[in-house]
Amino acid sequence: MSHDPLLVLAGLVVAGVLAQWLAGRVGVPSIVLLLATGLLLGPLTGVLVPDALFGSVLDPLVSLAVAVVLFEGGLSLRLAEARKLGWPLLRLVLGGLVVSFVLTTLLGHALAGLSWPVAAVVGAILVVTGPTVIKPMLRQARLAQRPARLLRWEGIVNDPLGALLAVLVLEGVLLHGELQHAGVAAPLAAMVGRVVLAGLGGALLGGLLGKALERGAVPEHLKAPVILAGVLLAFAVAEQAFHEAGLLAVTTMGVVLANGSSPSLEAIRQFKETVATVLVAVLFLVLSARIARADLLAFDPGVVLLVLAILFVVRPLTVWTALLGTDVPRAEKLLVGWIAPRGIVAAAMAGALAPRLVAAGYPDARAMVPVVFGVIVLSVALHGFTVAPLARRLGLAGRSGGGVLVLGVSAFSLELCRALKQAGVDVLCVDESWRSVSQARLAGLDTVHGDVLEESTLDELPLERFDWLLAATRDDAYNSLACVALGDLFGRDHVLQLTPRAEPIEGEPSEGRGAHLQGRRPWGEPGSFSSLAARTWGGRHVKSTKLSAEYDWDAFRAQNAEAAVLFEIDDARVRPLGRDEEPSPEGRLVWVP
């Protein structure tokens with residue numbers, strides 16, 4: 001079927017972004033919707049034929065896109081996190097890789113009847129749990145910090161390691177066939193050396209770029225483009241040394257940059273995250289559309305058994321073996337032992353390596369693509385739909401719409417937190433003053449002592465429990481800074497702050513001006529710090545009132561014309577109620593007389 005390439009390219013981006021937006025609206029994992037859309041456009045209808053559209057440049061484009069995604073993943077890895085996770089992380093990443101490789105290889109030979117070389121390559125490919133699928137799942141599931149970090153580190157680090165292991169196994173198989181008794185140890189050792197050099201080269205380039213950014217050698221408007229060019233260069237050069245070594249080079253480059261001290265790093269990270277989000281969507285559409293219809297239907301009983309065994313046997317055994325004897329709680333082991341979706345790197349590796357094995361005299365390598373894509377489809381669907389419910393059941397995830405994180409303890413915020421807690425809302429107070437924290441604890445509230453602008457305090461906060469941030473300290477500049485700093489974690493629409501003065505002074509940003517440097521201020525003058533503090537000090541308490549058919553919004557307003565209505569709670573969901581908004585007919589209002 002012939003289509004205008006320009007229209008198809010634009011349609012890919014639009015379809016990918018639209019699928020992610022729709023997934024967020026209806027509560028479906030975005031990866032599942034992307035995969036389904038790609039299969040529908042590709043093998044099921046033939047509307048999208050990536051090889052015909054892109055021709056010989058498809059594989060290089062996919063490789064470069066995966067490199068950018070992995071670099072962005074590396075930018076999210078802070079070594080302080082690794083030190084905090086400690087021994088369990090090292091055992092999961094390295095020990096888990098070995099256990100998964102061995103078990104998948106054995107089961108591939110025993111269940112699917114694959115020859116040992118083919119089974120070993122499949123085992124190496126399927127150790128990966130890439131960031132292209134893990135990160136969207138973590139974002140949607142709102143997991144607790146430690147299991148989320150374990151899964152994120154495992155996915156980002158094991159992606160290049162698994163790809164390299166698969167290539168090394170393949171090269172060992174091919175060399176063994178070519179050299180016979182001459183031995184393959186020396187050539188393989190040389191390959192490993194080139195891989196290590198590629199990783200060191202990526203780290204060195206990351207360090208040099210980091211120093212250049214810190215010293216102001218790169219103009220502000222060119223920092224993100226320079227780093228993007230560096231990523232592509234590092235990947236291309238490392239690929240010349242050894243196939244798939246580029247993935248390791250860009251990952252180490254990202255990690256080194258992430259742990260530097262450049263003040264521009266956060267803006268660069270945001271830019272790269274935006275680019276990676278679009279690339280992940282397009283990659284999933286292209287690679288799922290590239291699956292042949294025959295491969296979708298080529299599942300014999302052995303292949304089906306192997307796919308099921310990888311999900312239900314290999315992954316749990318891998319995690320429980322790797323984390324045996326560590327301090328990781330049973331609930332976290334259960335969650336991590338279930339979640340292992342495969343993504344773009346596994347798909348790309350299977351498509352690239354299977355033809356080489358077939359050409360080398362291993363006809364059973366034709367089963368590689370059905371096995372790998374079977375694991376991808378089933379793991380993305382099962383894990384995508386079950387990660388949030390399972391995590392909530394295990395007490396390792398928050399529920400969407402519930403929870404308010406309040407910065408600053410004052411007479412007003414204590415009243416507000418008490419009213420929210422009595423209405424069934426999860427509330428946590430954060431303050432730098434031990435005296436204020438003690439007051440909140442005496443009031444029966446959950447508290448954390450510290451500054452949310454410091455990473456050590458953020459690491460203590462169970463952010464998965466909270467959907468809203470309310471900055472309610474006496475310092476408006478601090479409130480604004482906290483809202484800007486945490487805007488990406490909560491979403492810009494979910495960071496709120498109080499205005500400390502009832503009337504703006506000359507030169508102060510009024511509503512609509514400097515909005516990008518502030519949180520939302522939905523309540524106007526009645527919700528200012530001074531107004532709410534005056535009401536509270538005047539002896540008026542924050543109240544909670546349930547609306548009904550007998551006592552509706554009009555009746556409430558008639559009786560409480562001067563009330564400052566702050567929040568509405570409806571069906572366990574919290575939202576701020578702006579001055580011109582009306583609540584739902586049976587919502588619960590949190591307000592100050």
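How many residues does helix H2 have, and how far does H2 reach from its first C-alpha to its last? The legends below take this up first and then turn to other close-up views of the predicted model.

**View 1. Helix H2, residues 30–44, and the glycine just after it.** Helix H2 has 15 residues and reaches 20 Å from its first C-alpha to its last. This span is close to the 21 Å expected at 1.5 Å a residue. The buried residues of H2 are Ser30, Ile31, Val32, Leu34, Leu35, Thr37, Gly38, Leu39, Gly42 and Pro43. Just after H2, Gly46 has a positive phi of about 75 degrees.

**View 2. Crossing of helices H4 and H12.** Two packed helices are described by the angle between their axes and the distance between the axes. The axes of H4 (residues 58–75) and H12 (residues 245–258) come within 7 Å and cross at roughly 30 degrees. An angle under 35 degrees counts as roughly parallel, so H4 and H12 are roughly parallel to each other. The crossing in which H4 passes H12 is right-handed. On the H4 side, Val66, Ala67, Leu70, Phe71, Gly74 and Leu75 take part in the contact. They meet Leu247, Val250, Thr251, Met253, Gly254, Val255, Leu257 and Ala258 of H12.

**View 3. Surroundings of Glu72 in helix H4.** Glu72 has a relative accessible area of 7% and is buried. Leaving aside neighbours within four places in sequence, Glu72 is in contact with two lysines, Lys135 and Lys272, and with Glu273 and Ala276.

**View 4. Aromatic cluster of Tyr551, Trp553, Phe556 and Trp591.** A pair of aromatic rings is described by the distance of the centres and the angle of the planes. The model has five aromatic pairs. One of them joins Tyr551 and Phe556, with 6.5 Å centre to centre and 80 degrees between the planes, and is edge-to-face. Trp553 and Phe556 have ring centres 5.8 Å apart and planes at 15 degrees, so this pair is stacked. Both Trp553 and Phe556 lie in helix H24 (residues 553–559), where they are three residues apart, about one turn of the helix. Phe556 is buried at a relative accessible area of 0%, and Trp553 also counts as buried at 14%. Tyr551, at 23%, is partly exposed. Ring pairs link these three residues and Trp591 into the cluster.

**View 5. Leu414 in helix H19, residues 411–422.** With a relative accessible area of 11%, Leu414 is buried. Not counting residues up to four places away in sequence, Leu414 touches Val409, Gln439, Ala440 and Leu445. Val542 is 128 residues from Leu414 in sequence, and their C-alpha atoms are 9.3 Å apart in space.

**View 6. Leu498 in the loop between strand E5 and helix H23.** The loop lies between E5 (495–497) and H23 (529–537). Leu498 counts as buried, at 1% relative accessibility. Residues up to four places away in sequence are again set aside, and Leu498 touches Phe412, Leu470, Ala471, Ala472, Asp476, Asn479, Trp523, Gly527, Phe529 and Leu532. Asp552 is 54 residues from Leu498 along the chain, and a separation of 27 Å lies between their C-alpha atoms.

Conventions:
Residues numbered from 1 in each chain as written. Predicted model: local features only at pLDDT ≥ 70, side-chain atom pairs only at ≥ 80, totals over all residues. Heavy atoms only, no water. Helix = DSSP H or I, 4+ residues; strand = E, 2+ residues; numbered from the N terminus. Expected span 1.5 Å × (residues − 1). Buried < 20%, exposed > 50% of the residue type's maximum accessible area, 1.4 Å probe, protein only. Phe/Tyr/Trp six-rings, centres within 6.5 Å; stacked < 30°, edge-to-face > 60°. Axes fitted to C-alpha atoms, helices over the stretch in contact; angles between N-to-C directions. Parallel < 35°, antiparallel > 145°, perpendicular 65-115°, else oblique. Left-handed = near helix turned anticlockwise from the far one by under 90°. Contact = heavy atoms within 4.5 Å.
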